[in-house]
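Work through the exercises below with the sequence and the model side by side. Try each task before reading its solution.

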Amino acid sequence: KEKEVTFSISGMTCAACSTRVEKGIKRIDGVADANVNLTTERASVKYDPEEVSVDQLTKKVEGLGYQVRELK
Ligand code: 9UX
């Protein structure tokens with residue numbers, strides 16, 4: 001069953017940053033949708049927990065060069 005997770009992401013300073021993060025997350029297998037908001041520094045991701053973990057999503061964003069934490 002699909003789940004949704006919200007992240008706080010810092011380090012995004014221009015619109016190309018948030019687009020980059022959003023596209024990067026969307027490319028991951030198991031991700032159904034992703035929305036990244038530059039102004040609020042929030043990302044919401046719809047994903048299938050049987051295919052991808054929150055930790056993998058986090059690692060992806062870190063790999064792109066931003067600081068990320070899950071919001072509970
Ligand atoms: Mo904008 Mo973001 O020139 O890494 S793409 S700062």
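**Exercise 1. Place Glu-70 and describe its surroundings.**

Solution. Start with the element: Glu-70 is found in strand E4. Helices (H or I, at least four residues) and strands (E, at least two) are DSSP runs, numbered from the N terminus. The model is predicted: local features need pLDDT of at least 70, side-chain atom pairs count only at pLDDT 80 or more, and totals for chains, interfaces and linings use all residues. Residues are numbered from 1 along each chain as its sequence is written.

Next, exposure. A residue is buried if 20 or more other C-beta atoms lie within 10 Å of its own, exposed if 12 or fewer, and partly exposed in between, with C-beta atoms placed from the backbone. Glu-70 has 12 C-beta neighbours inside 10 Å, so it counts as exposed.

Then list the contacts (C-beta atoms, placed from the backbone, within 7 Å). Leaving out residues up to four places away in sequence, Glu-70 touches Val-5, Phe-7, Val-54 and Thr-58. Thr-58 lies 12 residues away along the chain, and its C-alpha atom is 8.0 Å from that of Glu-70.

Finish with the whole strand. E4 spans residues 67-71, and none of its five residues is buried.

**Exercise 2. Give the strand order of the sheet and place the helices against it.**

Solution. Pairing comes first. Strands of a sheet pair through backbone hydrogen bonds, either parallel or antiparallel. Here two strands pair if DSSP finds at least two bridges between them. Four strands form an open sheet in the order E2-E3-E1-E4, with antiparallel pairing. E2 and E4 are the edge strands, each pairing on one side only. Neighbouring strands are turned by 25 degrees against each other on average, direction ignored. For angles, axes are lines fitted to C-alpha atoms, for helices over the stretch in contact, and values run from 0 to 180 degrees between N-to-C directions.

Now count bridges. E2 and E3 are joined antiparallel by six bridges. Asp-33 has Lys-46 in E3 as its bridge partner, and Ala-34 stands opposite Val-45 in E3. E1 (residues 3-10) and E4 run antiparallel, with five bridges. Ser-10 faces Gln-67 in E4.

Add the helices. H1 packs on the sheet and touches E1, E2 and E3; its direction makes about 170 degrees with that of E2. H2 lies across E1, E3 and E4, at about 155 degrees to E4.

**Exercise 3. Find the residues at the centre of the largest nonpolar core.**

Solution. Apply the definition: a nonpolar core is a set of buried Ala, Val, Leu, Ile, Met, Phe, Trp, Tyr and Cys residues joined through C-beta atoms within 7 Å. The largest has 13 residues, of which Ile-9, Val-21, Ala-43 and Val-45 touch the most other members. E1, H1 (15-26), E2, E3 and H2 (54-63) each give two or more residues. E3 gives the most, with three.

Take Ile-9 as a worked case. Beyond four places in sequence, Ile-9 touches Val-21, Val-36, Glu-41, Ala-43, Val-61, Tyr-66, Gln-67 and Val-68.

**Exercise 4. Compare two loop residues, Glu-41 and Glu-51.**

Solution. Glu-41 sits in the loop between E2 (31-37) and E3 (42-47). It is partly exposed because 17 C-beta neighbours lie inside 10 Å. Most residues other than glycine have a negative phi. In the hairpin of E2 and E3, with four residues between the strands, Glu-41 takes a positive phi near 55 degrees. Its contacts beyond four places in sequence are Ser-8, Ile-9, Ser-10 and Met-12. Ser-10 is 31 residues away in sequence, yet 6.2 Å away in space, C-alpha to C-alpha.

Glu-51 belongs to the loop between E3 and H2. It is exposed because 12 other C-beta atoms lie within 10 Å. Past four places in sequence, Glu-51 contacts Asp-29 and Gly-30. The C-alpha atoms of Glu-51 and Gly-30 are 4.9 Å apart, across 21 residues of sequence.

**Exercise 5. Which residues are around the ligand, and of what class are they?**

Solution. Use the cut-off: a residue is near a molecule if its C-beta atom, placed from the backbone, lies within 6 Å of it. That gives Thr-13, Cys-14, Ala-16 and Cys-17. For classes, Ala, Val, Leu, Ile, Met, Phe, Trp, Tyr, Cys and Pro count as nonpolar, Asp, Glu, Lys and Arg as charged, and the others, Gly among them, as polar. The shell has three nonpolar residues, one polar and no charged ones.

Conventions
Contact = placed C-beta atoms within 7 Å.
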